[in-house]
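Please open the structure in your viewer and keep the sequence panel visible beside it. The tour below proposes a series of selections, and at each stop it describes what you should find there.

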Amino acid sequence: MQDAINQTLRRVPTWPVYVLGLAPIPWLFWLGLSGGLGPEPIKALEHRYGVLGLQFLLAGLCVTPLRRFAGINAIRFRRALGLVAFAFIAAHLLVWAVLDVQALSRVWADIVKRPYITIGMAGFACLVPLAVTSTDRAVRWLGAPRWRQLHRLTYVAVGLGAVHFVMQAKGLQIAPLVYLGVAGVLLGLRTLPSGKRLA
Amino acid sequence: MRRPAHPLGPADVTPEAVYLNRRQWIAGAMALGAGGRGAASTGLEPNSWDDITSYNNFYEFGTGKEDPKRHAHAMTTDPWSIEIGGMVDRPGTYGFAEIMDGMPVEERIYRFRCVEAWSMVIPWTGFELRRLLDRVGVQPGATHVAFETLYRPEEMRGTRSPVIPWPYREGLRLDEAMHPLTIMATGLYGKPMPNQNGAPIRLVVPWKYGFKSIKSIVKITLVDAQPETSWNMIAPREYGFYCNVNPDVDHPRWSQATERRVGGGLFAGREPTLMFNGYAEEVAGMYAGMDLSVDF
């Protein structure tokens, strides 16, 4: 079963992850332009990009546990998942700054004054060096151990992103807490001793 | 502008386009007899029926803006009654028709400013709350009015999760409740109130953030102390009792200095938020001497 899945996965190219993964960026933007996101499309677009970014980050975090606990090797897709997540979060940030807040002074004031925005920005800041060092050349340049160490920043970014999502909610909303819980489980799995291989 | 008792029949419905031509007033001006068209009226083109009925906060039906439109149809609004009690001469459970009987229903175009920094202009139909309070007889000593929204989990799917402690509660000081701008709204654009907007009867207090304008009211109680209000109970640091629109007092999580009119599309600009949502002339006197950054 695992072998069959792994053999199939080996034959799947990675480019569809980019194409299908990134497609919602222009698609949602077009929906926003054409009324498909309701009468207040700015917040809707901001929210959709942000949630998709978090979903792709979490998907990226699934790769290692899948291999460790289920023997499924999807590591070939991890870079694409991470870069797509980065693109969504960058789009989320741009919609917020340019279409929503609309003034650099107010953007800066919000980053400094509003804790949930400070936290979100910190999460994005963690992702920038990861996106920059996502190429094979960067891996060679840094050396694999250092590259892996640096890319543990993903854990910080996911944690901050999930907390940011929880903090922006009004009232006790379930969905953001579910994301925070999933992030917690995926991060927690990494602390299990490596001897505990189930597969 | 008077209308016969609610509910309005099809013959009463004014076509939206005609309505817009007829009703380009300064919000609230008619209530005070000021009348006339002013510069402010250009900013008071009402939002479309679609805007007003498809972008709602009504957490009883879900926390998404589109959830109320999708799910509020499940709410039974006929029969409907309001339990009016506390410090009143004639407490009781009043049926909707009984409340509307002889009530002077009028049309009011008000700015509506949500605490989330978006806004609309809404042509309500309704009557002044003070008419109802006068009818039941407010006893001396009463200082505040408490309101409650319907809580019926089998019809309100959002109440099945504990987003807020149900039922939704709101309150006003008695002078705020008796203010001529404060209305009980029963319709929009001359049509009966859609469920997602708080059918069949809701409060509208145009100088306060929208969540003070409690929807689908089933209980009104006259009391002699400041009542508990839902958002204040959940997050007192973010929501005070008064919640007057105030560009100078930020929400801890965002600025209240500007707002965005709903319906402007993806490139809609922001406009400055007005003190008391533009109704300062009418209502500021009620807060004279108060520090509005403390009593926010």
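Two strands are said to pair here if DSSP finds at least two bridges between them, and helices (H or I, at least four residues) and strands (E, at least two) are DSSP runs numbered from the N terminus. The model is a predicted one, in which local features need pLDDT of at least 70 and side-chain atom pairs count only at pLDDT 80 or more, while totals for chains, interfaces and linings use all residues. Residues are numbered from 1 along each chain as its sequence is written, and chains are lettered from A and ligands numbered from 1 in the order in which they are written.

**Stop 1: the five-stranded sheet of chain B**

Begin by selecting chain B, which has eight helices and 12 strands. Within chain B, pick out the open sheet of five strands whose order is β2-β1-β10-β5-β6, with mixed pairing. Which strands stand at its edges? They are β2 (92-95) and β6 (169-173) of chain B, each with a single partner strand, so one side of each is left without a neighbour in the sheet. From one strand to the next the twist averages 20 degrees (angles run from 0 to 180 degrees between N-to-C directions, and axes are lines fitted to C-alpha atoms, for helices over the stretch in contact).

At one edge, select β5 (residues 144-149) of chain B together with β6(B); the two run antiparallel and are joined by five bridges. Here V145(B) has L172(B) in β6(B) as its bridge partner. At the other edge, β1 (residues 81-86) of chain B and β2(B) pair in the antiparallel sense over four bridges, and E83(B) stands opposite T93(B) in β2(B). These two strands, β1(B) and β2(B), form a hairpin with five residues between them.

**Stop 2: strand β4 of chain B and its partners**

Next select β4 (residues 118-128) of chain B, a mostly covered strand in which 10 of the 11 residues are buried; a residue is buried if 20 or more other C-beta atoms lie within 10 Å of its own, exposed if 12 or fewer, and partly exposed in between, with C-beta atoms placed from the backbone. Add β3 (residues 106-113) of chain B, which pairs with β4(B) in the antiparallel sense over eight bridges, with R113(B) and S119(B) as one of the bridged pairs. Four residues lie between β3(B) and β4(B) in this hairpin, and in the turn A117(B) has a positive phi of about 75 degrees.

Now add β7 (residues 183-188) of chain B, which is antiparallel to β4(B) and pairs with it over five bridges; G126(B) has A185(B) in β7(B) as its bridge partner. Finally add β11 (residues 258-261) of chain B, which runs parallel to β4(B) and is joined to it by two bridges, with W118(B) standing opposite R260(B).

**Stop 3: D51 of chain B and the contact between chains**

Move to D51(B), which lies in helix α2 (residues 49-54) of chain B and is partly exposed, with 19 other C-beta atoms within 10 Å. Leaving aside residues up to four places away in sequence, D51(B) touches P39(A), M120(B), V262(B) and G263(B), where contact requires C-beta atoms, placed from the backbone, within 7 Å.

Because P39(A) belongs to the other chain, widen the selection to the whole contact, which takes 16 residues from chain A and 25 residues from chain B. On the side of chain A that touches chain B, the elements that give two or more residues are α3 (24-33) and α4 of chain A. By class, that side has eight nonpolar, five polar and three charged residues; Ala, Val, Leu, Ile, Met, Phe, Trp, Tyr, Cys and Pro count as nonpolar, Asp, Glu, Lys and Arg as charged, and the others, Gly among them, as polar.

**Stop 4: helix α4 of chain A**

End on α4 (residues 41-70) of chain A, and show it with α5 (residues 78-101) of chain A: their axes come within 8 Å and cross at roughly 160 degrees. The helices α4(A) and α5(A) are therefore roughly antiparallel to each other, given that angles under 35 degrees count as roughly parallel, over 145 as roughly antiparallel, 65 to 115 as roughly perpendicular and the rest as oblique. The contact of α4(A) with α5(A) has 17 nonpolar, five polar and four charged residues.

Then exchange α5(A) for α10 (residues 153-168) of chain A, which packs with α4(A) at an angle of about 140 degrees, the axes being 10 Å apart. On α4(A), select L54(A), L57(A), L58(A), G60(A) and L61(A), which meet T154(A), A157(A), V158(A), G161(A), A162(A) and F165(A) in α10(A). By class, this contact has eight nonpolar, three polar and no charged residues.

Notes
Two residues are in contact if their C-beta atoms, placed from the backbone, lie within 7 Å.
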